[in-house]
Amino acid sequence: MNKLQQAGERIIGAKRILILSHIRPDGDAIGSTLGLGLALQTEGKNVQMVLADGVPKEFHFLTASEQITQQPEGDFDVIVALDCSDMDRLGDVLENLPSPTVNIDHHISNVKFAEINLIDDQAAATAEMLAAYLPQWGLTVDKPVAEALLTGLITDTIGFRTPNVSPKTMRTAANLIEAGANISDLYQKAIIDRSYASVRYWMQGLQSLKMKDGLVWVSLTLEDRQKADYPGNGDADLINLLASIEEADIAVTFIEQEGEATKVSWRAKPGLDVSKVAAQFGGGGHKLAAGATIQGSLADVRERVLEKTDALLKTQE
Ligand code: AMP
Ligand code: MN
Ligand code: MN
């Protein structure tokens, strides 16, 4: 029996299942959690879906997103981690619980922390992997499941435009549309619609825009967040705007956090690997998209990160 069948047997053989994904959840984390969770509920399983940071407002449009809680309750036969490269990224959700049974992920930096690890770094999203696995495990991809998984696919590929989009990605999307998901509606809700506050936050951040030697960056302070009345603690996807700047090979955002920490996001043009520089700071991710949360003031972290990122650019060019 291969690993995929083993994982299926463990999950389908369980009654009480806990599904987890990473902190600061993105569309793939949320869509994958709901996709697997709802498909298992249809089979009559007792499923808890838990994200340490909850579901941000932008994803409340997904069916059953209100079922996702921030802490597990009780015991489980099987624990599944999705889209998560290491256990720290799950947040503080496993107190008094064992390590995950199954780990399904597409991060190149995945450290294979579970009993059964299904890792495919060629997949464009964890949702793409699940869209293939669910039918093989005998689970039904109905409309809400298809919508959740297609949202994961759309968000992780920023609308099917990352270089890891393959014929398989597009076939998967087509299958999900056939299963009832409305692609234009989900595309609009998941990556086009944004709040006025988030654009005001961009405006604050863009005042700090700098470019030097192929690197472009922006700093977002707690004060910027407050001035814009932006409720999140990320960069409101400003990194994707920076990554569109033609003259730059690597884009970086620095986001000041409470408690002397700075969240850093990197995006690179094809041919580079920013997961390596993220790893130097205790983070991780993919070759072209990586992140880390680093202790230190914004100015201090910015200086250290720019130096290492510049060095990477010089060696990888
Ligand atoms: P972000 O810049 O936060 O959008 O993250 C880009 C990619 O890097 C995503 O695939 C994240 O899952 C991953 N990532 C972000 N932060 C971390 C971290 N601290 N450790 C490992 N992977 C991360
Ligand atoms: Mn993710
Ligand atoms: Mn993902």
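In this predicted model, the manganese ion (ligand 3) is held by four protein donors: Asp28 (OD), Asp83 (OD), His106 (NE2) and Asp156 (OD), which sit 2.1 to 2.2 Å from the metal. Read along the chain, these donor residues follow the spacing D-x54-D-x22-H-x49-D. Two of them show how the site pulls distant stretches of chain together: Asp28 belongs to helix H2, while His106 comes from the loop between S4 and S5, 78 residues apart. Both Asp28 and His106 are buried.

There is a second metal to look at. The manganese ion (ligand 2) takes its protein donors from His22 (NE2), Asp26 (OD), Asp26 (OD) and Asp83 (OD), at 2.1 to 2.7 Å. The spacing of these donors along the chain is H-x3-D-x56-D. Asp26 is found in the loop between strand S1 (16–20) and helix H2 (27–42), and Asp83 in the loop between strand S3 (78–82) and strand S4 (102–105), so this pair ties together parts that are 57 residues apart in sequence. How do the two residues compare in burial? Asp26 has a relative accessibility of 28% and counts as partly exposed, whereas Asp83 is buried, with a relative accessible area of 1%. Asp83 also turns up at both metals: this residue bridges ligand 2 and ligand 3, and the two manganese ions lie 3.7 Å apart.

Now for the sheet. Five strands make up an open sheet with parallel pairing, in the order S2-S1-S3-S4-S5. At its edges are strand S2 (46–50) and strand S5 (116–119), each of which pairs on one side only. On average, and ignoring direction, neighbouring strands of the sheet are turned by 15° against each other. Within the sheet, S3 and S4 run parallel and are joined by three bridges; Ala81 has Asn103 of S4 as its bridge partner.

Helices lie against these strands too. Helix H2 lies across S1, S2 and S3, and runs at about 170° to S2. Helix H3 (residues 126–136) packs on the sheet as well, touching S3, S4 and S5, with its direction at about 120° to that of S4.

What about the nonpolar interior? The largest nonpolar core has 50 residues, and those with the most contacts inside it are Leu36, Val80, Ile104, Trp137 and Leu150. Helix H4 (residues 143–156) gives the most to this core, supplying seven residues. Trp137 is worth a closer look: leaving aside neighbours within four places in sequence, its contacts are Leu4, Ala7, Gly8, Ile11, Ile12, Leu36, Ile104 and Leu118. Apart from this core lies another, of 22 residues, among them Phe254, Leu272, Ala278 and Ile294.

Aromatic rings come next, and a search of the whole structure finds four aromatic pairs. One of them joins Phe59 and Phe61, a tilted pair with 6.3 Å from centre to centre and 35° between the planes. Phe59 is buried, at a relative accessible area of 8%, but Phe61 counts as partly exposed, at 28% relative accessibility. The rings of Tyr133 and Trp137 have their centres 5.7 Å apart and their planes at 40°, so this pair is tilted. Tyr133 and Trp137 are both buried.

Methods: Residues numbered from 1 in each chain as written. Chains lettered and ligands numbered in written order. Predicted model: local features only at pLDDT ≥ 70, side-chain atom pairs only at ≥ 80, totals over all residues. Heavy atoms only, no water. Donors = N, O, S within 2.8 Å, 3.2 Å for Na, K, Ca; no water. Helix = DSSP H or I, 4+ residues; strand = E, 2+ residues; numbered from the N terminus. Buried < 20%, exposed > 50% of the residue type's maximum accessible area, 1.4 Å probe, protein only. Pairing = 2+ DSSP bridges. Axes fitted to C-alpha atoms, helices over the stretch in contact; angles between N-to-C directions. Contact = heavy atoms within 4.5 Å. Phe/Tyr/Trp six-rings, centres within 6.5 Å; stacked < 30°, edge-to-face > 60°. Core = buried A, V, L, I, M, F, W, Y, C linked by side-chain atoms within 4.5 Å.
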